[in-house]
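Me: I'm new to looking at structures and I'd like a close look at one part of this one. Could you walk me through a spot where two helices pack together?

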Amino acid sequence: MELTKTSTIVAVKREALERLADLDAFAKKDPAAAMLWHRAILEADPKHLPSLRWVEQSLVTEGRDDELAPIFAQRVPPGR
């Protein structure tokens, strides 16, 4: 029962952070603020694919290729 409650809290928090990221990215047109929300999601769940993709796309768009290596490492399982 406790595991389920903890899992639910984590999922609700992640969903709230995703909504805040979307609000900043699309309503406020502030990709830097959205990046902070996505990085907060990744701190709690380093394999969260939507946030990994968002961060990856943002870094590519901004020409920040030197920061992509850690993102690729999180997306691609070891040995591939």
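Reply: Here's a tour of one helix pair, with a bit of the surroundings first.

Keep in mind that this is a predicted model. The chain has four helices and zero strands, so to speak an α-α-α-α run from the N terminus on. Its C-alpha trace spans about 45 × 40 × 15 Å along the principal axes, and 25% of the 80 residues count as buried.

Now for the pair itself. In general, two packed helices are described by the angle between their axes and the distance between the axes. Here the partners are α2, residues 31–44, and α3, residues 49–61. They pack at an angle of about 140°, and their axes are 9 Å apart. The crossing of α2 and α3 is left-handed.

Who touches whom? On the α2 side you'll find Pro 31, Ala 34, Met 35, His 38, Arg 39, Ile 41 and Leu 42. They meet Ser 51, Leu 52, Trp 54, Val 55, Ser 58 and Leu 59 from α3. Sorted by character, the residues of this contact come out as nine nonpolar, three polar and one charged.

Now step back along the chain to the loop between α1 (2–27) and α2, where Lys 29 is found. Its phi is near 55°, which is a positive value in a residue other than glycine. Is Lys 29 buried or exposed? Lys 29 counts as exposed because its relative accessibility is 65%, and the cut-off for exposed is over 50%.

Notes: Residues are numbered from 1 along each chain as its sequence is written. This is a predicted model: local features need pLDDT of at least 70, side-chain atom pairs count only at pLDDT 80 or more; totals for chains, interfaces and linings use all residues. Side-chain values use heavy atoms; hydrogens and water are left out. Axes are lines fitted to C-alpha atoms, for helices over the stretch in contact, and angles run from 0 to 180 degrees between N-to-C directions. Helices (H or I, at least four residues) and strands (E, at least two) are DSSP runs, numbered from the N terminus. A crossing is left-handed if the near helix is turned anticlockwise from the far one by less than a right angle, and right-handed if clockwise. Contact means heavy atoms within 4.5 Å. Ala, Val, Leu, Ile, Met, Phe, Trp, Tyr, Cys and Pro count as nonpolar, Asp, Glu, Lys and Arg as charged, and the others, Gly among them, as polar. Buried means under 20% relative accessible area, exposed over 50%, partly exposed in between (1.4 Å probe, protein chains only).
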